[in-house]
Amino acid sequence: VIDVTPLVKQMTPKWEAGVGVDVDNNYKVYPCVSLQRNYKQDKAVEMVITINKENGKVERGMLLHKWMF
């Protein structure tokens with residue numbers, strides 16, 4: 001039996017980035033970006049920032065702790 005755990009562990013990304021949209025109650029659409037740090041195989045912290053497209057400033061944000069299972 002060959003243990004490939006060290007090879008798989010190296011291929012697992014430590015950082016992830018994403019883009020998307022946020023829609024408020026008035027159906028206004030705001031762009032958002034996210035950055036996630038996978039600090040263990042089954043745990044991560046993610047930050048999501050929503051940007052006001054009219055003035056380019058941060059409108060709101062969210063910080064999440066994730067457990068993968």
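Which residues does Thr 50 touch, not counting residues up to four places away in sequence? I shall answer that from a predicted model, and then follow the contacts outward to two salt bridges.

A word on confidence, to begin. The mean pLDDT of the protein chain is 89, and 100% of its residues reach 70 or more. Among the elements, β3 has the highest mean pLDDT, at 95, and α1 the lowest, at 75. Where pLDDT is low, predicted coordinates should not be read in detail.

Now to Thr 50. This residue belongs to strand β3, which covers residues 43-51. With a relative accessible area of 5%, Thr 50 is buried. Its contacts, with those sequence neighbours set aside, are Asp 22, Tyr 30, Pro 31, Cys 32, Lys 57, Val 58, Glu 59 and Arg 60.

Two residues of that list, Asp 22 and Arg 60, also pair with one another. They form a salt bridge in which the closest N and O atoms are 3.0 Å apart. Asp 22 is in strand β1 (residues 15-23) and Arg 60 in strand β4, so this bridge ties together parts that are 38 residues apart in sequence. Arg 60 is partly exposed, its relative accessible area being 33%. In general, side chains of opposite charge can pair when their charged atoms come close.

A search of the whole structure finds two salt bridges, and I turn to the other. Here Lys 66 is bridged to Glu 46, with 2.7 Å between the closest N and O atoms. Lys 66 lies in strand β4 and Glu 46 in strand β3, so the pair links parts that are 20 residues apart in sequence. The partners differ in burial: Lys 66 counts as partly exposed at 27% relative accessibility, whereas Glu 46 counts as buried at 11%.

Lys 66 leads us to Gln 36. Gln 36 sits in strand β2, residues 29-40, and counts as buried at 7% relative accessibility. Its side chain makes a polar contact with the side chain of Lys 66 at 2.9 Å. A further polar contact joins the side chains of Gln 36 and Asn 38, at 2.7 Å. Leaving aside neighbours within four places in sequence, Gln 36 is in contact with Lys 14, Trp 15, Glu 16, Ala 44, Val 45, Glu 46 and Lys 66. Both members of the Lys 66 and Glu 46 salt bridge therefore appear among the contacts of Gln 36, a residue that is itself buried.

Next, His 65, which is placed in strand β4, residues 58-67. Is His 65 buried or partly exposed? It is partly exposed, with a relative accessible area of 34%. His 65 touches Tyr 39, Ala 44 and Val 45, again not counting residues up to four places away in sequence. With Tyr 39 there is a polar contact between the two side chains, at 2.6 Å. As for our starting residue, His 65 and Thr 50 are 15 residues apart in sequence and 18 Å apart in space, C-alpha to C-alpha.

Finally, the surface. Ile 2, Val 4, Leu 7, Val 8 and Met 11 form a nonpolar patch there, with about 550 Å² of accessible area together. Val 4 lies in the segment before α1 (5-11) and is partly exposed, at 42% relative accessible area. I would recall here that α1 has the lowest mean pLDDT among the elements, 75.

Note on methods:
Residues numbered from 1 in each chain as written. Predicted model: local features only at pLDDT ≥ 70, side-chain atom pairs only at ≥ 80, totals over all residues. Heavy atoms only, no water. Helix = DSSP H or I, 4+ residues; strand = E, 2+ residues; numbered from the N terminus. Buried < 20%, exposed > 50% of the residue type's maximum accessible area, 1.4 Å probe, protein only. Contact = heavy atoms within 4.5 Å. Polar contact = N/O pair within 3.5 Å; in protein donor to acceptor, adjacent residues only side chain to side chain. Patch = residues over 30% accessible without salt bridge, like charges linked within 9 Å, V, L, I, M, F, W, Y side chains within 5 Å. Areas by Shrake-Rupley, 256 points an atom, 1.4 Å probe, with all protein chains shown as cover. Salt bridge = Lys/Arg side-chain N within 4 Å of Asp/Glu carboxyl O. pLDDT = per-residue confidence, 0-100.
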